[in-house]
Amino acid sequence: MSSKPQKIILFVGSPRKKGTSFSFARTFKKLFEYRGATSDIEFIIDYYDGKAAFSGLKTVLADIDAIGLFMPMYVDSLPAPVVWFLKKVTLDFQSELRGKSLFAVSQCGFPDVTLLQPSLESCRLFAQANTMKWLGGLGYGGGAIIDGALMEDLGKKGENLTASFRMAVEDITERKSIRPEVQKRITVRIPKIAYWPLAAFLNHRTRQAAKKVGVTKIKGKVLLE
Amino acid sequence: MKAAILDATENENPIKTVLDKKLSAKGIEISYFKLNNLNLLPCRSCGSCGNRTPGKCVQKDDMSLVIKSMAESYLLVYISTIIFGGYAFQLKKVIDRSMPLGEPFYFVRDGHLLHPMRYGRKLLLGIGLFKDSNPEEEDNFRVLVARNGMNMQASHQTIVIHLADNGMLIENEISKALGSEI
């Protein structure tokens, strides 16, 4: 195998095809291609729904040098279709995975990036189980604020994220662990004292969204009615 | 008092028998779900349960039975083989779809942003099963159950069981975990 990854497949683990996970994967794809690598984006939900042939992954995985996983956090860990996917590729394509590089990017709406630790650790354990080279995981808190926006539409925040992801891409294409500086750069720092006004802002947004669709009763024990 | 047992294991295991015995002895009404036998769709992140149909998922499948039981129950038991340090797929589908148990609002407690829960205080018991021991996977599983508990504002306990463990050992572990909470 070549010492520099040249073919990278990026799996998006969100069922939303235009969300923040896709936006991040899209940026990585552009950055990989800028460095001369070929990179494709695939949606895990397409394999789950049977829209993409799972058996076709055998050839794909045999051919690539590195895999990237991009997913939101669902209830403190990986979304269920991602669990399904990782288990199934382990059962069916372990020999194709062996020796390949793996990195992961997870995001959530909460500002506390440590919440993403179980998700990223599961990705590392997947790499371990398949004798892959784990290049590291990145966590982004505040993904709901991005809400699928493309980096070029996010002004300074987008520029910082792109510059940070560029460093990660440099490391990945050299088959090196993603340097810790990348995580420091993308970590949203909101002091805990600001959580109350943040909660108030998010709650206001929720009420506005409900009002827009004519919903007035948001609280209540509806399952017991 | 009610309990909802969500069993994501594929085969029969002694845990159900032990839980039946322990919980029935305390007069607890049990709803048991063998998740592999149910039609469960994954969450599509449509957001409906937040502000269009607050507290209810719009997907039509067996999850409506499961989540009603979770809402009614004080004790929630998750039984799962540990997969990459997390829950098996069948259980994770249920957990992802349990968002309607919380409100789409936020509040702050102990420095964490949390969703208020609609259905009162719960006790969460996570039971992870291993065929081949892996301390790192076990650690991550424990962290995950603790995080779920924190987010649900639920008391929580975690047990990790080797598939070769005998029934008496399993019974002791479950008794210890349930302790004085039940």
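A crossing of two helices is left-handed if the near helix is turned anticlockwise from the far one by less than a right angle, and right-handed if clockwise. The crossing of H1(B) and H6(B) is right-handed. The model is predicted: local features need pLDDT of at least 70, side-chain atom pairs count only at pLDDT 80 or more, and totals for chains, interfaces and linings use all residues. Residues are numbered from 1 along each chain as its sequence is written, chains are lettered from A and ligands numbered from 1 in the order in which they are written, and side-chain values use heavy atoms, with hydrogens and water left out.

Helices (H or I, at least four residues) and strands (E, at least two) are DSSP runs, numbered from the N terminus. Two packed helices are described by the angle between their axes and the distance between the axes. Axes are lines fitted to C-alpha atoms, for helices over the stretch in contact, and angles run from 0 to 180 degrees between N-to-C directions. Angles under 35 degrees count as roughly parallel, over 145 as roughly antiparallel, 65 to 115 as roughly perpendicular and the rest as oblique.

In chain B, helix H1 (residues 14-25) and helix H6 (residues 167-178) have axes that come within 10 Å and cross at roughly 50°. H1(B) and H6(B) are therefore oblique to each other. Contact means heavy atoms within 4.5 Å. On the H1(B) side the contact includes B:Pro14, B:Ile15 and B:Val18, and on the H6(B) side B:Gly167, B:Ile170 and B:Glu171 are among the residues met. The contact residues divide into eight nonpolar, two polar and three charged. Here Ala, Val, Leu, Ile, Met, Phe, Trp, Tyr, Cys and Pro count as nonpolar, Asp, Glu, Lys and Arg as charged, and the others, Gly among them, as polar.

A second helix pair joins the two chains. Helix H4 (residues 80-97) of chain A packs with helix H4 (residues 89-96) of chain B at an angle of about 165°, and their axes are 8 Å apart. H4(A) and H4(B) are therefore roughly antiparallel to each other, and their crossing is right-handed. A:Ala80, A:Pro81, A:Val83 and A:Trp84 make the contact from H4(A), and B:Phe89, B:Lys92, B:Lys93 and B:Asp96 from H4(B). Five of these residues are nonpolar, none polar and three charged.

How much of H4(B) is covered? Eight of its eight residues are buried, that is, under 20% relative accessible area (exposed is over 50%, partly exposed in between; 1.4 Å probe, protein chains only). The cover includes helix H2 (44-48) and H4 of chain A, together with elements of chain B, among them helix H3 (63-72) and helix H5 (135-152).

Two single residues show contacts across the chains. B:Asn148 lies in helix H5 of chain B and is buried, with a relative accessible area of 1%. Among the residues that B:Asn148 touches are A:Val75, A:Asp76 and B:Ile95. A:Tyr74 sits in the loop between strand E3 (66-72) and H4 of chain A; A:Tyr74 is buried too, at 10%. The contacts of A:Tyr74 include B:Lys92 and B:Asp96.

The last residue is A:Ser39, in strand E2 (residues 38-43) of chain A. A:Ser39 is buried, with a relative accessible area of 3%. Which residues does A:Ser39 touch, not counting those up to four places away in sequence? They are A:Ile8, A:Leu10, A:Lys29, A:Phe32 and A:Glu33. The C-alpha atoms of A:Ser39 and A:Lys29, ten residues apart along the chain, are separated by 5.6 Å.
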